[in-house]
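Visitor: Please take a close look at one strand of this model and at the loop that precedes it. I should then like the account to be carried on to other parts of the chain where similar questions arise.

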Amino acid sequence: MFSNTRTKQFLPVSYDPDDSSKAPLLNGSSHHVGDEPHGRRPRKELLVFVSGFLMFALFVAFIGANNGSNDIHVQNNANANGSILSSPKIEKTTPSETLRPPTSRGVSAGVSEKANRIFGGEAYPWDNKVLSWQRTAFHFQPEKNWMNDPNGPLFYKGWYHFFYQYNPNGAMWGDIVWGHAVSKDLIHWFHLPLAMVADQWYDSNGVWTGSATILPDGQIIMLYTGSTNVSAQVQNLAYPEDPSDPLLVNWVKYEGNPVLVPPPGIDVKDFRDPTTAWYTSEGKWRITLGSKINKTGISLVYETEDFKSYKQLDEVLHGVPNTGMWECVDFYPVSLTSENGLETSANGLGVKHVLKTSLDDDKIDSYALGTYDEKAGTWVPDDPRIDVGIGIRYDYGIFYASKTFYDPNKKRRVLWGWIKESDSEAADLQKGWASLQGVPRTVMFDKKTGTNLLQWPVEEVDSLRFSSKEFNRVEVTAGSVVPLQVGIASQLDIVAEFELDQKGLERAAESNVEFSCSASGGSAERGALGPFGLLVLADESLIEQTPVYFYVAKGANGTLKTFFCTDQSRSSKATDVNKEIYGNYVPVLEGEKLSLRILVDHSVVEGFAQGGRTCITSRVYPTKAIYGDARLFLFNNATESKVTTSLKIWEMKSVPMKPYVNNPFVGKYKQK
């Protein structure tokens with residue numbers, strides 16, 4: 001844990017671009033200059049930070065120029081009781097009027113940027129038939145162009161809202177604004193107009209990732225990172241223009257933005273992605289956001305009463321050396337006894353807290369379970385050996401920048417995650433879109449292991465199932481492949497259980513050799529007790545195949561250790577796609593059968609082992625195993641043991657995602 005002396009350098013810098021004499025507060029009161037709000041320090045203390053604040057000299061100079069020349073002035077007029085959610089009509093601009101192409105393609109240009117790279121060879125000559133097949137049927141995607149991080153998901157007045165990082169001008173990262181869609185069931189989505197565009201000096205280089213907080217009185221607070229006109233990262237406040245609108249079509253940016261700027265000691269490009277706020281026992285709200293000190297990833301904590309002025313806590317919430325920049329931090333409670341999710345402010349007996357971060361250096365999402373000390377403002381992992389960034393991951397494939405929200409409609413915590421492309425940028429430009437979101441997952445504490453979370457597709461996914469096939473106790477002998485007749489195999493929901501032959505278990509030799517999915521030869525590397533599983537998105541000749549499988553290793557003391565893997569090495573004939581082998585250890589307790597669920601949706605495969613203890617998401621780009629030529633097989637490449645398998649497999653319906661016509665009243669919204 002970081003000491004007070006080490007974190008004092010992160011004390012907040014107060015900044016008010018309008019130097020307003022009064023700022024409306026959420027509780028209806030107002031603050032006069034000189035009354036010393038929480039976000040300000042006495043003059044003598046501020047002098048200590050003059051040197052740290054010099055880095056903002058150019059930053060501040062730009063403010064005056066923008067305030068004087070900006071034709072669009074977003075206002076916030078408090079009503080009689082001081083609510084920040086009342087505002088006049090504002091003039092809006094189109095993205096083409098306000099956005100500029102990025103000046104850099106490096107990490108410093110933005111959050112979660114895709115590199116321009118080709119895997120393993122020259123660009124493959126993709127044709128439109130193959131590229132059209134790659135578009136998913138029931139995963140969330142915009143109609144076209146680039147998408148990345150999920151933003152501010154919430155449930156409001158009967159609608160699920162999903163915001164996301166979006167480039168309205170092309171299929172590459174850049175010109176980032178907030179897309180917006182709504183759904184009644186987290187499956188059938190309707191696209192709305194852009195929620196927020198880059199039209200102010202404090203977000204002119206991008207409206208980046210943020211989170212929603214719903215206050216006890218129903219007000220919605222949206223905090224997001226803006227990349228300023230000098231590419232500094234600052235935190236901004238926004239709120240619905242009309243809280244009575246269930247679709248929350250129009251949003252207003254607070255006239256006093258930014259509400260937070262990087263404190264001394266933090267680089268101006270290492271300060272981003274505020275979390276949902278949680279309420280303390282002292283009646284204050286706290287948020288955390290990601291940063292780093294040298295190579296140590298940290299989560300800074302700020303306290304507020306009105307979401308306009310903030311006090312930075314002396315301690316960081318947590319930090320882990322050698323994990324690099326933390327972005328898209330998430331912090332939430334889970335119940336140790338109930339399967340229901342918990343509202344974000346829940347604390348006390350029977351509660352653990354999850355701290356998750358997206359590691360900018362490695363592009364993975366890592367989490368750990370631990371204990372939150374509200375008084376100290378710190379979090380401690382249950383097991384330092386599996387701390388954040390060095391232990392368990394949400395997903396061992398392509399899954400990043402994830403964010404959860406509490407769903408009061410069904411009393412659950414729901415997880416969203418960005419699934420990027422793993423082909424070339426040239427292919428993205430040719431097809432005109434890039435990236436999608438994983439199927440939303442419920443998240444709960446694994447009471448059996450005590451160390452894991454369980455992730456599972458939301459129950460609404462089951463409504464897409466039709467035309468089921470069952471295969472009971474199919475014996476798959478060592479070294480064999482068994483075809484499964486399931487109809488169209490590009491949209492499937494597969495649930496399977498596997499049992500290893502007891503005699504084979506006994507015959508298998510013990511070994512001290514450590515197994516690793518990624519370092520192995522994939523599904524072609526034969527061991528005594530594996531690999532075995534399913535070949536999805538395979539063609540009849542098995543030239544293209546994506547194995548999703550278990551591998552069981554028998555240790556020197558006779559104990560079994562199970563791994564869950566996905567092998568992309570033969571997933572496509574194309575040479576410009578990622579063909580890594582993904583996976584990791586999955587806990588299997590005594591008496592449990594090996595179980596998995598696989599969602600196949602054209603170019604995305606999501607696997608969930610042992611009820612969601614270990615998950616793997618892959619993007620695959622077959623050239624032959626598409627449309628009616630996609631097949632499904634069981635396989636067992638073990639040398640010592642046969643496998644008995646029972647499966648239930650459903651074909652999955654397609655979900656059209658359509659726009660709404662923006663009429664002024666929700667009752668008149670019509671589907672195009």
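Guide: A residue is called buried when its relative accessible area is under 20%, exposed when that value is over 50%, and partly exposed in between. The model is a predicted one, and every statement below refers to that prediction.

The strand chosen is S7, residues 207–214. Of its 8 residues, 7 are buried, so S7 is largely enclosed by the rest of the structure. Its partner is strand S8, residues 220–227, with which S7 pairs in the antiparallel sense over 6 bridges. One of the residue pairs joins Ile214 to Ile220 in S8. Together S7 and S8 form a hairpin with 5 residues between them. Within that turn, Gly218 has a positive phi of about 95°.

The loop between strand S6 (189–196) and S7 contains Asp199. The side chain of Asp199 meets that of Lys253 in a salt bridge, with a distance of 2.7 Å from N to O. The pair links distant parts of the chain, since Lys253 belongs to strand S10 (residues 251–253) and the two residues are 54 apart. Both Asp199 and Lys253 are buried. The structure holds 34 salt bridges.

A second such link involves Lys410 and Glu460, whose closest N and O atoms are 3.2 Å apart. Lys410 sits in the loop between strands S20 (400–407) and S21 (412–419), while Glu460 sits in the loop between S25 and strand S26 (465–476), 50 residues apart. With 35% relative accessibility, Lys410 counts as partly exposed, whereas Glu460, at 9%, counts as buried. Both residues belong to a network of salt bridges that links Asp407, Lys410, Arg412, Glu459 and Glu460.

Strand S25, residues 453–457, has 4 of its 5 residues buried, so S25 is also largely enclosed by the rest of the structure. Strand S24 (residues 441–445) pairs with S25 in the antiparallel sense over 5 bridges. Among the bridge partners there are Phe445 and Leu453, the latter in S25.

A third link joins Glu592 and Arg613, with 2.9 Å between the closest N and O atoms. Glu592 lies in the loop between strands S32 (581–585) and S33 (594–601), and Arg613 lies in the loop between strands S34 (604–609) and S35 (614–619), 21 residues apart. Glu592 has a relative accessibility of 22% and so counts as partly exposed; Arg613, at 4%, counts as buried.

Asp306 presents a contrasting case. This residue, in the loop between strands S13 (296–304) and S14 (310–312), is buried yet has no salt bridge. The nearest side chain of opposite charge, that of Lys308, is 5.9 Å away. Two backbone nitrogens do approach polar atoms of the Asp306 side chain: that of Lys308 at 2.8 Å and that of Ser309 at 3.0 Å.

The account ends with the nonpolar interior. In soluble globular proteins, nonpolar side chains tend to be buried together. The largest nonpolar core here has 92 residues, of which Ile494, Phe498 and Leu534 touch the most other members. A second, separate core of 22 residues includes Trp285, Ile287, Phe307 and Tyr310. Beyond its neighbours within four places in sequence, Ile494 is in contact with residues that include Leu534, Val536, Leu596, Ile598 and Val600, as well as the charged Arg597 and Lys648.

Terms used:
Residues numbered from 1 in each chain as written. Predicted model: local features only at pLDDT ≥ 70, side-chain atom pairs only at ≥ 80, totals over all residues. Heavy atoms only, no water. Buried < 20%, exposed > 50% of the residue type's maximum accessible area, 1.4 Å probe, protein only. Salt bridge = Lys/Arg side-chain N within 4 Å of Asp/Glu carboxyl O. Polar contact = N/O pair within 3.5 Å; in protein donor to acceptor, adjacent residues only side chain to side chain. Pairing = 2+ DSSP bridges. Core = buried A, V, L, I, M, F, W, Y, C linked by side-chain atoms within 4.5 Å. Contact = heavy atoms within 4.5 Å.
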